[in-house]
Amino acid sequence: CGRRPRGAVGLQPPAAAMPNKDRIAKIKPKPAMVQLLERQLLNSDPEVRRIGWESIHKLNAPPEPLTDCIGACFEHQNWYVRRCAAVACSKAIESQGAAEVCVKQVAGPHLAHEDAEVRRCAGEALVRIVQEASSPEAPKAIPP
């Protein structure tokens, strides 16, 4: 009881507790602006969510973390977050490099989701994207 086996000099931390440089290097940092947007889009207050999606074009966030955040909102358990994802997806096309990703990797694949509400929101996102891209006020960076 409480005795160490012979030859045991000290306790060594388990392998999982030791930092793994390869594993740490593969972790993609999420920019602070995307973390704030995520908190806004997940908020139960509709005004906070609106402020979130209206700020997307000003963020200049990298496309991958931005679209990952919006894609996760499509999968959220709350219906209002899923609907918010549709609007956010249509607003994200104004971010450089995010338009194609939003269509092909976020909204498009969710059209085949098993949940009807997720499919509906993905369809709404695509309709909104087409409307946003074809409006006269659309930035020229958005492909028609």
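**Salt bridges and a nonpolar core**

Colleague: Why is D115 called partly exposed?

Modeller: In this predicted model, D115 has a relative accessibility of 25%, and because partly exposed covers the range between under 20% for buried and over 50% for exposed, D115 counts as partly exposed.

Colleague: What makes R82 count as buried?

Modeller: The relative accessible area of R82 is 12%, and since buried means under 20%, R82, which lies in helix 6 (residues 79-92), counts as buried. Leaving out residues up to four places away in sequence, R82 touches C73, F74, H76, Q77, D115, E117, V118 and C121.

Colleague: How do you know that D115 and R82 form a salt bridge?

Modeller: The N to O distance between their side chains is 2.8 Å, and because a salt bridge needs a side-chain nitrogen of Lys or Arg within 4 Å of a carboxyl oxygen of Asp or Glu, the pair qualifies. This pair links distant parts of the chain, with D115 in the loop between helix 7 and helix 8 and R82 in helix 6, 33 residues apart. Elsewhere, R83, E117, R120, E124 and R128 are joined into one network by salt bridges that share partners, and the structure holds 10 salt bridges.

Colleague: What makes E54 and R50 a salt bridge, and how are they placed in helix 3?

Modeller: The closest N and O atoms of E54 and R50 are 2.5 Å apart, and because the cut-off is within 4 Å, the two form a salt bridge. Being 4 residues apart in helix 3, they are separated by about one helical turn. R50 also meets E47 in a salt bridge of 2.1 Å, N to O, and E47 and R50 both lie in helix 3 (residues 46-54), 3 residues apart.

Colleague: Why are E47, R50 and E54 called partly exposed?

Modeller: Their relative accessible areas are 38% for E47, 28% for R50 and 37% for E54, and because partly exposed lies between the 20% and 50% limits, each of these residues counts as partly exposed.

Colleague: Which residues have the most contacts inside the largest nonpolar core?

Modeller: That core has 33 residues, and those with the most contacts inside it are L41, W53, I56, L66, I70, F74 and C89. Among the elements giving two or more residues to this core are helix 5 (63-74), helix 7 (99-110) and helix 8 (116-134), while the largest share, 9 residues, comes from helix 6. Apart from neighbours within four places in sequence, C89 is in contact with I70, F74, C102, V106, A107, A125 and I129.

Key: Residues numbered from 1 in each chain as written. Predicted model: local features only at pLDDT ≥ 70, side-chain atom pairs only at ≥ 80, totals over all residues. Heavy atoms only, no water. Buried < 20%, exposed > 50% of the residue type's maximum accessible area, 1.4 Å probe, protein only. Contact = heavy atoms within 4.5 Å. Core = buried A, V, L, I, M, F, W, Y, C linked by side-chain atoms within 4.5 Å.
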